[in-house]
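Trainee: I'd like a close look at one single spot in this protein. Could you pick a residue and walk me through its surroundings?

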Amino acid sequence: MSNHRIGIIGGTGLYDIEGFTHQKWVNVKTPFGPPSDDLLTGKLTGRDVVFLPRHGARPPDSASELNHRANIWAMKKLGVSWLISVSAVGSLQEKNQAVRHRAH
């Protein structure tokens with residue numbers, strides 16, 4: 001099996017991946033500022049995986065405020081060779097916005 005790490009950037013609704021073991025949160029500093037959140041390293045079906053919650057613990061007001069360069073740089077810094085990004089369309093109405101909280 002390849003030694004290359006796979007990166008997963010999770011969008012709205014993807015905050016937990018079934019079967020993701022050996023989890024460890026890692027804080028990565030980048031030349032572009034902080035990524036959206038700490039990155040979660042671990043294993044998924046025997047493969048090294050890095051997961052980043054795109055909206056983080058403190059979601060930005062809009063998608064255009066995400067620090068995409070920092071997110072990609074942090075993934076590369078942790079040895080990610082392939083990147084998968086999962087997204088979904090959320091509500092644009094403030095009353096329908098869900099807030100996610102993560103416990104470390």
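Mentor: Let's zoom in on His 4, after a quick look at the whole chain. Keep in mind that this is a predicted model. The overall layout has five strands and one helix, and going along the sequence you get β-β-β-β-α-β. There are 104 residues, and 35% of them count as buried. About 7,000 Å² of the protein is exposed, with carbon and sulfur atoms supplying 54% of that area. Long-range pairing shows up in the contacts too: taking those between residues at least 6 apart in sequence, 68% join residues at least 24 apart.

Now for His 4 itself. You'll find His 4 in the segment before β1, the strand that covers 5–10. Is His 4 buried, exposed or something in between? Its relative accessible area is 39%, so His 4 counts as partly exposed, since that class runs between the 20% and 50% cut-offs.

Who does His 4 touch, then? If you skip the neighbours within four places in sequence, the contacts of His 4 are Arg 47, Asp 48, Ser 81 and Trp 82. Take Arg 47 from that list: His 4 and Arg 47 sit 43 residues apart in sequence, yet their C-alpha atoms are 8.3 Å apart in space. Ser 81 is another one to click on, as the side chains of His 4 and Ser 81 make a polar contact at 2.9 Å. To put the spot together: His 4 comes before β1, is partly exposed, and has a side-chain polar contact with Ser 81.

Note on methods. Residues numbered from 1 in each chain as written. Predicted model: local features only at pLDDT ≥ 70, side-chain atom pairs only at ≥ 80, totals over all residues. Heavy atoms only, no water. Helix = DSSP H or I, 4+ residues; strand = E, 2+ residues; numbered from the N terminus. Buried < 20%, exposed > 50% of the residue type's maximum accessible area, 1.4 Å probe, protein only. Contact = heavy atoms within 4.5 Å. Areas by Shrake-Rupley, 256 points an atom, 1.4 Å probe, with all protein chains shown as cover. Polar contact = N/O pair within 3.5 Å; in protein donor to acceptor, adjacent residues only side chain to side chain.
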